[in-house]
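Here is a quick tour of one protein chain, going from single residues out to sheets and hollows. Keep the viewer open as you read.

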Amino acid sequence: MDDDLRARVERAAERSALYNALKHDSDAQVGAIMGPLMGANPEFREHGSEVPGVVAPVVERVNGLSAAERRERLAELDPDALAELEAEEEGDEDERALPDLPNAAEYEEIRMRLAPNPNGPWHLGNARMPAVIGTYKDRYDGWMLCRFDDTDPETKRPDLDAYDAILDAVDYLGFEPDEVIRASDRLETYYDHARELVELGGAYTCSCSAEAFSDLKNAGEPCPHREKDAETVRSEFEAMVDGEYRAGEMVLRVKTDVEHRNPALRDWVAFRIVDTPHPRPEAADYRCWPMLDFQSGIDDHLTGITHIVRGIDLQDSAKRQRFVYDYFGWEYPEVIHWGKIQLDAYDVKMSTSTIKELIERGELDGWDDPRAPTLASVRRRGIRGRAVVDALVELGTSTSDVDLAMSAIYARNRELIDDEADRRFLVRDGVEKQVVGGPEAGEPPVHPDHPERGTRRIPVEGSVLVEPDDVPANGERVWLKGFGCVRHTRDAFEFTGDDIDAVREEGVPVVHWVPADGSVPVTLRTMEGDVTGRAEPGIQGYEPDDVVQFERVGFARIDGVAGGDAEPSDGERVVAYYAHP
């Protein structure tokens with residue numbers, strides 16, 4: 001680890017240690033700050049074995065300060081972090097709700113943007129941006145842009161199907177952009193601003209190799225091309241635009257401060273050559289492409305964005321863009337930084353590239369496979385977009401990393417669907433038992449809270465199926481819901497009556513069941529894999545997208561029918577996607 005990197009690690013560790021100690025009113029712990037530190041500074045990760053040794057003495061030094069000294073030092077390093085901390089201490093901000101936007105009253109209209117990279121459909125983490133920005137739009141009666149940041153035809157190559165898939169996902173979440181633009185349609189606009197920046201003396205063309213410039217940057221020394229005359233820079237930039245260079249031969253850099261304490265901000269690249277054609281036919285002929293920090297900075301100004309929400313790992317983006325804004329004399333938007341989001345309950349990593357690779361290898365059926373942590377998946381499972389939004393908004397906008405528990409989404413979805421979801425029986429791994437005596441059919445309610453919806457008539461023609469764990473010991477009883485009480489005797493169920501006191505006063509277990517004859521084969525697709533079973537007659541009457549509750553199993557969305565895997569005598573097999581308990 002060189003001296004410059006060590007200094008940066010020490011600064012970042014000091015900030016994290018101060019924040020951690022003040023927030024918890026105790027000494028900071030190396031283990032507690034390592035995760036957020038590495039997450040916010042990806043460039044530290046390749047030195048992961050060395051970082052703890054640099055962090056430990058910094059934490060020890062912070063722990064030797066008084067609370068007042070810690071507060072004073074954090075104010076010097078990161079006044080925004082101290083302000084957030086003080087707001088929490090004063091109770092002015094509910095950390096599990098969205099705070100008011102900074103300086104909102106100073107703007108005639110709140111204008112915010114979604115800025116997706118269309119390199120694939122959205123996973124659940126991507127949904128945080130539209131959930132929060134859409135909620136702010138509604139709160140302030142504001143304006144929302146969806147800008148596809150698709151100016152990387154190679155590393156994050158756009159997926160042509162993703163543009164519409166993302167807009168469909170925004171609609172599923174309950175929001176509608178006021179305008180949609182694609183950065184790949186705006187190359188000439190970026191070129192014009194690059195030309196103007198050159199005229200202002202704010203940019204220069206550079207043919208240094210990446211390795212050579214990195215050495216100069218880290219040493220705080222200027223690039224030998226930095227003082228080119230404007231005419232030469234103009235000529236070489238036009239040659240970039242005309243495709244006269246190949247990748248790596250020439251870039252356009254923004255002049256910043258070659259001795260800036262953060263090397264990542266020193267004369268950063270604004271335009272580079274990409275030989276790989278863009279997949280959109282409209283953009284396939286371009287080879288000179290803006291880097292995201294230049295492109296998004298220009299667009300944020302031209303579209304009048306007042307507030308930007310971005311990850312804390314992108315703090316340098318705002319700092320880079322401010323150099324460009326200063327050259328043009330523009331006012332920079334308000335910025336909210338938030339921490340990363342972690343997701344439980346899935347074995348598959350919440351990563352577009354990972355999910356895409358698993359689909360290509362055939363390990364996932366598609367983006368809507370129930371095992372995939374994607375919006376397409378939870379949507380197909382019958383989870384409402386509103387439930388996803390509510391759970392994400394509740395995470396707030398803290399700079400700390402946050403955990404999204406799927407149980408929070410399930411709880412909100414249950415509130416949305418419980419009242420309308422009919423009840424049905426589904427038996428997995430059914431054990432057949434002959435029924436002796438009793439009525440010809442059971443009649444459980446369609447919905448226990450809505451007697452006006454009536455009952456479901458389930459014929460009993462000799463035998464029923466129950467789940468293995470519900471078969472009582474010989475001589476013991478169970479209550480077949482909607483049918484009555486039966487005793488397990490001589491390997492059969494003998495009807496003993498329909499007095500509900502057997503349940504209320506004697507504690508006889510209530511179990512679900514289906515008729516052995518006339519039940520319907522069902523495949524229930526779950527996060528753990530497919531489950532097969534048989535459902536009561538009538539399940540075939542539902543339409544795709546209808547949601548039912550399989551009693552004692554959980555809520556499920558009816559997907560359709562598939563006849564190929566059912567026995568001929570069974571008819572068509574119903575396919576349903578499991579939502580949650």
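## Two lysines to start with

Lysine 137 is buried, with a relative accessible area of 18%. That value counts as buried because the cut-off is under 20%. Bear in mind that we're looking at a predicted model. Lysine 137 belongs to helix α6, which covers residues 128–140. What does lysine 137 touch, leaving aside residues up to four places away in sequence? Its contacts are Gly142, Trp143, Met144, Glu176 and Asp178. For a sense of distance, pick phenylalanine 483: it is 346 residues from lysine 137 in sequence, and the two C-alpha atoms are 52 Å apart.

Now jump to lysine 217, in helix α9 (residues 210–219). Lysine 217 has a relative accessible area of 24%, so it goes down as partly exposed. Once residues up to four places away in sequence are set aside, lysine 217 touches Pro263 and Arg266. Tyrosine 204 sits 13 residues from lysine 217 along the chain, with 15 Å between their C-alpha atoms.

Here are the two lysines side by side with two other residues that come up further down.

| Residue | Where it sits | Relative accessible area |
|---|---|---|
| Lysine 137 | helix α6 (residues 128–140) | 18%, buried |
| Lysine 217 | helix α9 (residues 210–219) | 24%, partly exposed |
| Aspartate 267 | loop between β5 and β6 | 2%, buried |
| Arginine 552 | loop between β25 (547–550) and β26 (554–562) | 49%, partly exposed |

## The whole chain

Stepping back, the chain carries 17 helices and 27 strands. Its C-alpha trace spans about 100 × 60 × 50 Å along the principal axes. Of the 581 residues, 52% are buried. Among contacts with a separation of 6 or more, 68% link residues that are 24 or more positions apart. The exposed area of the chain is about 26300 Å², and carbon and sulfur atoms supply 43% of that.

## Around strand β5

Strand β5 takes in residues 251–254: Val251 and Arg253 point one way, Leu252 and Val254 point the other way, and all are buried. On one pairing, strand β4 (residues 203–206) runs antiparallel to β5, with four bridges joining them. Cysteine 206 has valine 251 of β5 as its bridge partner. β5 also pairs with strand β6 (residues 269–273), again in the antiparallel sense, over two bridges. There, arginine 253 is matched with valine 269 in β6.

The loop between β5 and β6 holds aspartate 267. What is the sign of phi for aspartate 267, a residue other than glycine? Phi is positive, near 40°. Aspartate 267 counts as buried, at 2% relative accessibility.

Arginine 552 makes a handy companion. Its phi is also positive, near 70°, and this residue is likewise not a glycine. Arginine 552 lies in the loop between β25 and β26, and it counts as partly exposed at 49% relative accessibility.

## An open sheet

Which strands make up the open sheet, and in what order? Seven of them do, running β21-β18-β19-β20-β14-β17-β22 with mixed pairing. The edges are β21 (510–511) and β22 (514–515); each has a single partner strand, so one side of each has no neighbour in the sheet. The partner of β21 is β18 (residues 477–480), paired in the parallel sense over two bridges. In that pairing, leucine 480 stands opposite valine 511 of β21.

## Hollows

Rolling a probe the size of a water molecule over the atoms shows where empty space is left. How many cavities of 30 Å³ or more does a search of the whole structure find? The search finds one, and the volume of the largest cavity is about 30 Å³. Its lining brings back some familiar names: Phe213, Lys217, Glu221, Pro222, Cys223, Val258, Arg266 and Asp267. By class, that comes to four nonpolar and four charged residues, with no polar ones.

As for pockets, the second largest holds about 180 Å³ of space. Tyr172, Arg379, Arg380, Gly382, Ile383, Arg384, Gly385, Glu420, Asp545, Asp546, Val547 and Arg557 line it. That lining divides into seven charged, three nonpolar and two polar residues.

How values were computed:
Residues numbered from 1 in each chain as written. Predicted model: local features only at pLDDT ≥ 70, side-chain atom pairs only at ≥ 80, totals over all residues. Heavy atoms only, no water. 1 Å grid on protein atoms, 1.4 Å probe; cavity = no way out; pocket = protein on both sides within 12 Å on 5 of 7 lines; lining within 4 Å. Points joined across faces, edges and corners; volume = space filled by probe spheres on them. Nonpolar A, V, L, I, M, F, W, Y, C, P; charged D, E, K, R; others polar. Buried < 20%, exposed > 50% of the residue type's maximum accessible area, 1.4 Å probe, protein only. Contact = heavy atoms within 4.5 Å. Pairing = 2+ DSSP bridges. Areas by Shrake-Rupley, 256 points an atom, 1.4 Å probe, with all protein chains shown as cover.
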